[in-house]
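User: I'm new to this one and would like a close look at a single part, the sheet. Could you walk me through how the strands pair up and what sits around them?

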Amino acid sequence: MKVCRRATFNSAHRLYRKDWTDDKNKAVFGKCSNENFHGHNYTLEVWISGNVNQETGYLIDLKIVKDLIKEEISDRFDHKNLNLDCVEFKDLNPTAENIAIVCWNLLRSKLASEYGLVVKLWETENNSVEYDGI
Ligand code: NI
C-alpha cells in the first residue's frame, strides 16, 4: 500500500557549476544557466509505503506527512533562491534530480524506518523526476 501527500513550493535557481567556466556552463545548461536566475513552481509528491495499521485503518496519518513536508521542505525552499539562500545547494547544482535527492534525504531522516519513501518532483507540467534512495 502507498499513500501520497502533495505540496507545492516556488523557488528560483540557476543551473551552474562553480568549477566550470561561464562558457561551459552556458554550453551544457543553456538558458537554465542564465546568470540572473529563473523560477519554477515545483510540485512535490511524497509517497509513503507500508502496512495499514489494523487499529486506525491508516498507513500513516497524512497530517504527519503534511507537517513533515512543511517543516523540512516548504519552510526551507519556498520563495527562496536555491543557489543563494539554501546551504543544501551551496556546492550542489540545483537540478530537479538533485532537489529530489535533497528532499528525499531530509524527509527520510525524519520518517520512521518502518515506512518506505519515494519522492516525485515536478519542475514543469511536463518534466518530473522520481527518487527512492537509489
Ligand atoms: Ni530551471
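Analyst: Let's start with E1 and E2: they run antiparallel and are joined by twelve bridges. To find your way along this pair, take Val-3, whose bridge partner in E2 is Ile-48. Another handy marker is Arg-6, which stands opposite Glu-45 in E2. Bear in mind as you click around that this is a predicted model.

A quick bit of background helps here. Strands of a sheet pair through backbone hydrogen bonds, and they can do it in a parallel or an antiparallel way.

Now look at E1's pairing with E3. E1 and E3 go together in the parallel sense, over two bridges. One spot to check is Ser-11, which has Lys-80 of E3 opposite it.

Next, go back to E2 and look at E4. Strand E2 covers residues 38-49 and strand E4 covers residues 116-122; the two run antiparallel, with seven bridges joining them. Thr-43 is a good place to zoom in, as its bridge partner in E4 is Trp-122. Stay on Trp-122 for a moment, because it leads on to the next strand: in E5, its bridge partner is Ser-128. E4 and E5 pair in the antiparallel sense over four bridges, and a hairpin of five residues joins E4 to E5.

Put the pairs together and you get an open sheet of five strands, in the order E3-E1-E2-E4-E5, with mixed pairing. So which strands stand at the edges? They are E3 (80-81) and E5 (128-131); each has a single partner strand, so one side of each is left without a neighbour in the sheet.

What packs on the sheet? One answer is helix H2, residues 62-77, which touches strand E1 (2-13), E2 and E3. The direction of H2 makes about 15° with that of E1. Then there's helix H4, residues 96-108, which lies across E1, E2, E4 and E5. H4 runs at about 145° to E4.

The edge strand E5 is worth a second look for its two faces. In a regular strand, side chains alternate between the two faces of the sheet. In E5, Val-129 and Tyr-131 make up the covered face, while Ser-128 and Glu-130 make up the uncovered one.

Now for the loops that lead into two of the strands. Phe-37 is in the loop between helix H1 (22-29) and E2. Its phi is positive, about 70°, although Phe-37 is not a glycine. Is Phe-37 buried, partly exposed or exposed? With a relative accessibility of 27%, Phe-37 counts as partly exposed, since that class takes in what falls between under 20% for buried and over 50% for exposed.

The loop between H2 and E3 holds His-79. His-79 also has a positive phi, about 60°, and it isn't a glycine either. With a relative accessible area of 62%, His-79 is exposed.

Asp-85 is in helix H3, residues 82-85. Asp-85 has a relative accessible area of 46%, which makes it partly exposed. How far apart are Asp-85 and His-13 in sequence and in space? They are 72 residues apart in sequence, and 10.0 Å apart in space, C-alpha to C-alpha.

It also helps to see where the sheet fits in the chain. There are four helices and five strands, and from the N terminus on the elements run β-α-β-α-β-α-α-β-β. Among the contacts with a separation of 6 or more, 66% are between residues 24 or more positions apart. Of the 134 residues, 38% count as buried. As for overall dimensions, the C-alpha atoms fill a box of roughly 60 × 25 × 25 Å along the principal axes.

Last stop: the largest pocket. It holds about 260 Å³ of space, and 15 residues line it. Tyr-16, Arg-17, Lys-18, Lys-90 and Asp-91 lie nearest its centre. By class, the lining has six nonpolar, three polar and six charged residues.

Note on methods: Residues numbered from 1 in each chain as written. Predicted model: local features only at pLDDT ≥ 70, side-chain atom pairs only at ≥ 80, totals over all residues. Heavy atoms only, no water. 1 Å grid on protein atoms, 1.4 Å probe; cavity = no way out; pocket = protein on both sides within 12 Å on 5 of 7 lines; lining within 4 Å. Points joined across faces, edges and corners; volume = space filled by probe spheres on them. Nonpolar A, V, L, I, M, F, W, Y, C, P; charged D, E, K, R; others polar. Pairing = 2+ DSSP bridges. Contact = heavy atoms within 4.5 Å. Axes fitted to C-alpha atoms, helices over the stretch in contact; angles between N-to-C directions. Buried < 20%, exposed > 50% of the residue type's maximum accessible area, 1.4 Å probe, protein only.
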